[in-house]
Each structure stands twice: as C-alpha cells, then as structure tokens.
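Work through the exercises below with the sequence and the model side by side. Try each task before reading its solution.

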Amino acid sequence: MTWMSGAELLVGVGALALAVFLVGFFRFVPIAGGIDKPPTQMRLTVIPMSILLIVVFGFGLIFRGLGLV
C-alpha cells in the first residue's frame, strides 16, 4: 500500500463520516416557518442529493484505495 492509497482510504472514511453527520444534522433541523409550511426544494432535493454524492465519492475512494477499482 502506497501513501496515496492510504490517503484515499482516510479521505473516503472521512467522507462517509461527514455524510453520516450531515444526515443526522439535517434530520433534526426544523423546517423554517413551522409545521404549516411545506418543505422547500432545498430540503427535498438538493440536500439529499449532495449527501448521496458524498457517500458515492466516499465509497469510490475507499474502493480505489483498496485497489478494487
């Protein structure tokens, strides 16, 4: 294992930890305006897609660091 693959593993694990943190954080953030306002487009689409992108890149870096890709 080279230092580059070790760095990819560390960054991949960090990205997955960040995604778990973001899921927990946005789960408990109340929707602005209370219960009578519908969720915004940011809450419905942009935030989940960005978290999913972080997860995909995290797994990609882990697999690349292990030499599976």
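Contact means heavy atoms within 4.5 Å. The model is predicted: local features need pLDDT of at least 70, side-chain atom pairs count only at pLDDT 80 or more, and totals for chains, interfaces and linings use all residues. Residues are numbered from 1 along each chain as its sequence is written, and side-chain values use heavy atoms, with hydrogens and water left out.

**Exercise 1. The overall layout**

Task: State how many helices and strands the protein has, and what share of its residues is buried.

Solution.
- Step 1. Helices (H or I, at least four residues) and strands (E, at least two) are DSSP runs, numbered from the N terminus. The protein has two helices and zero strands.
- Step 2. Buried means under 20% relative accessible area, exposed over 50%, and partly exposed in between (1.4 Å probe, protein chains only). Of the 69 residues, 20% are buried.
- Step 3. Take the contacts with a separation of 6 or more: 72% of them join residues 24 or more positions apart.

**Exercise 2. The salt bridge**

Task: Find the salt bridge and say which parts of the chain it ties together.

Solution.
- Step 1. Look for a side-chain nitrogen of Lys or Arg within 4 Å of a carboxyl oxygen of Asp or Glu. The whole structure yields one such salt bridge.
- Step 2. The partners are Glu8 and Arg64, at 2.7 Å from N to O. Glu8 sits in helix H1 (residues 3-28) and Arg64 in helix H2 (residues 41-66), so the bridge links parts 56 residues apart in sequence.
- Step 3. Check the accessibility of each partner. Glu8 is buried at 9%, whereas Arg64 is exposed at 51%.
- Step 4. List what Glu8 touches, leaving out residues up to four places away in sequence. The answer is Leu61, Ile62, Arg64 and Gly65.

**Exercise 3. Helix H2**

Task: Test the length of H2 and name its buried residues.

Solution.
- Step 1. The expected span is 1.5 Å times one less than the number of residues. H2 has 26 residues, so it should span 38 Å; its end C-alpha atoms lie 37 Å apart, which agrees.
- Step 2. The buried residues of H2 are Ile47, Ile51, Gly58, Ile62 and Gly65.
- Step 3. Now take Val55, also in H2. Val55 is partly exposed at 23%. Beyond its neighbours within four places in sequence, Val55 contacts Leu16 and Ala19. Its C-alpha lies 6.7 Å from that of Ala15, a residue 40 positions away in sequence.
- Step 4. Just after H2, Gly67 has a positive phi of about 85°.

**Exercise 4. Aromatic pairs**

Task: Which rings pair, and are they stacked or edge-to-face?

Solution.
- Step 1. Rings of Phe, Tyr and Trp (its six-membered ring) pair if their centres lie within 6.5 Å; planes under 30 degrees apart count as stacked, over 60 as edge-to-face and the rest as tilted. The structure holds two aromatic pairs.
- Step 2. Phe21 and Phe25 are stacked, with 6.1 Å centre to centre and 20° between the planes. They are four residues apart in helix H1, about one helical turn. Phe21 is exposed at 52%, and Phe25 is partly exposed at 44%.
- Step 3. Phe59 and Phe63 have ring centres 6.1 Å apart and planes at 25°, so this pair is stacked. Both lie in helix H2, four residues apart. Phe59 is partly exposed at 40%, as is Phe63 at 37%.
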